[in-house]
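Work through the exercises below with the sequence and the coordinates at hand, and try each task before you read its solution.

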Amino acid sequence: MPEAIAIALEEARAAAARGEVPVGAVITDATGAVLARAGNEVEARADPSAHAELLALRAAAAARGTKWLADCTLTVTLEPCPLCAQAASLFRVKRLVFGAYDPKSGGVEHGARVFSAASCHHRPEVIGGLREGECAALLRGFFAALRQP
């Protein structure tokens with residue numbers, strides 16, 4: 001079985017091919033089995049909340065028939081924004097793994113630092129920087145192409 005970050009990168013590349021910001025996410029259970037995977041669908045759905053993380057979290061919970069994902073890992077190619085970090089907390093994921101850091105819009109290691117707030121409902125274990133260079137390069141390439149005349 002491919003590692004979760006490789007699957008998330010596949011989803012990010014597919015999102016880029018659809019004209020979406022290339023972010024991909026995957027939810028795995030305690031055994032490493034994939035419960036759900038998604039890429040951004042903000043443009044396709046005309047929904048600013050259709051982030052890869054939210055789509056994957058919702059699909060995994062639906063597949064399990066529960067609102068909690070307490071034994072699960074959310075793996076995503078980019079540090080989650082505050083919205084997605086809070087969603088990971090509310091779904092009670094055990095672990096959050098991400099690739100590229102997001103100094104501008106991140107909500108875990110940067111910006112709001114959702115899991116550091118006293119009001120945070122649940123703090124997952126956080127591992128950042130997994131295949132960071134590859135994840136960051138995908139995003140840089142996408143935005144560089146948008147700026148081309």
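The exercises that follow concern a predicted model, and each solution goes step by step.

**Exercise 1. Compare the span of helix α1 with its expected span, and then describe the burial and the end of α1.**

Step 1. Helix α1 covers residues 4-17, and at 1.5 Å a residue its 14 residues should span 20 Å. The end C-alpha atoms of α1 are 20 Å apart, so the span agrees with the expectation.

Step 2. The buried residues of α1 are A4, I5, A6, I7, A8, L9, E11, A12 and A15. The cover over these buried residues includes β1, β2, β3, β4 (95-100) and α5.

Step 3. E10 also belongs to helix α1, but its relative accessibility is 40%, so E10 counts as partly exposed, a class that lies between the limits of 20% and 50%. The C-alpha atom of E10 is separated by 12 Å from that of N40, although the two residues are 30 residues apart along the chain.

Step 4. After α1 comes G19, which has a positive phi near 85°.

**Exercise 2. Decide whether P22 is buried or exposed, and list what P22 touches.**

Step 1. P22 sits in the loop between α1 and β1.

Step 2. The relative accessibility of P22 is 1%, and because buried means under 20%, P22 counts as buried.

Step 3. Leaving out residues up to four places away in sequence, P22 touches A12, A15, A16, T77, L138, L139 and F142. Two of these partners, A12 and A15, are themselves among the buried residues of α1.

Step 4. From P22 to G39 the C-alpha distance is 7.2 Å, while in sequence the two residues are 17 residues apart.

**Exercise 3. Locate T28 and work out its class of burial and its contacts.**

Step 1. T28 lies in strand β1, which runs over residues 24-28.

Step 2. With a relative accessible area of 8%, T28 falls under the 20% limit and is therefore buried.

Step 3. Beyond residues up to four places away in sequence, the contacts of T28 are A4, A33, V34, L35, D71, C72 and T73. One of them, A4, is a buried residue of α1.

**Exercise 4. Describe the surroundings of H51, and then the helix α3 that comes after its loop.**

Step 1. H51 is placed in the loop between α2 (42-45) and α3 (52-64).

Step 2. The relative accessible area of H51 is 19%, and since the limit for buried is under 20%, H51 is buried.

Step 3. The side chain of H51 reaches the backbone oxygen of P48 at 3.0 Å. Not counting residues up to four places away in sequence, H51 touches N40, V42, C81, L83 and C84.

Step 4. Helix α3 has 13 residues, and the distance from its first C-alpha to its last is 18 Å, close to the 18 Å expected at 1.5 Å a residue.

Step 5. In α3 the buried residues are A52, E53, L54, L55, A56, L57, A60 and A61, and what covers them includes β1, β2 (34-39), α2, β3 (73-78) and α4 (82-90). G65 follows α3 and has a positive phi near 70°.

**Exercise 5. Characterise the largest pocket by its volume and its lining.**

Step 1. The largest pocket holds about 650 Å³ of space.

Step 2. Its lining consists of 26 residues, of which V21, L78, D102, L139 and F143 are the closest to the centre.

Step 3. The elements that give two or more residues to this lining are α2 and α5 (132-147), and α5 gives the most, with seven residues.

Step 4. By type, the lining residues divide into 14 nonpolar, four polar and eight charged.

**Exercise 6. Where are R92 and R131, and what are their phi values?**

Step 1. R92 is in the loop between α4 and β4, and its phi is near 65°, a positive value in a residue other than glycine. Its relative accessible area is 24%, so R92 is partly exposed.

Step 2. R131 is in the loop between β5 (125-128) and α5, and R131 has a positive phi of about 50° although it is not a glycine. With a relative accessible area of 31%, R131 is partly exposed.

Note on methods
Residues numbered from 1 in each chain as written. Predicted model: local features only at pLDDT ≥ 70, side-chain atom pairs only at ≥ 80, totals over all residues. Heavy atoms only, no water. Helix = DSSP H or I, 4+ residues; strand = E, 2+ residues; numbered from the N terminus. Buried < 20%, exposed > 50% of the residue type's maximum accessible area, 1.4 Å probe, protein only. Polar contact = N/O pair within 3.5 Å; in protein donor to acceptor, adjacent residues only side chain to side chain. Contact = heavy atoms within 4.5 Å. Expected span 1.5 Å × (residues − 1). 1 Å grid on protein atoms, 1.4 Å probe; cavity = no way out; pocket = protein on both sides within 12 Å on 5 of 7 lines; lining within 4 Å. Points joined across faces, edges and corners; volume = space filled by probe spheres on them. Nonpolar A, V, L, I, M, F, W, Y, C, P; charged D, E, K, R; others polar.
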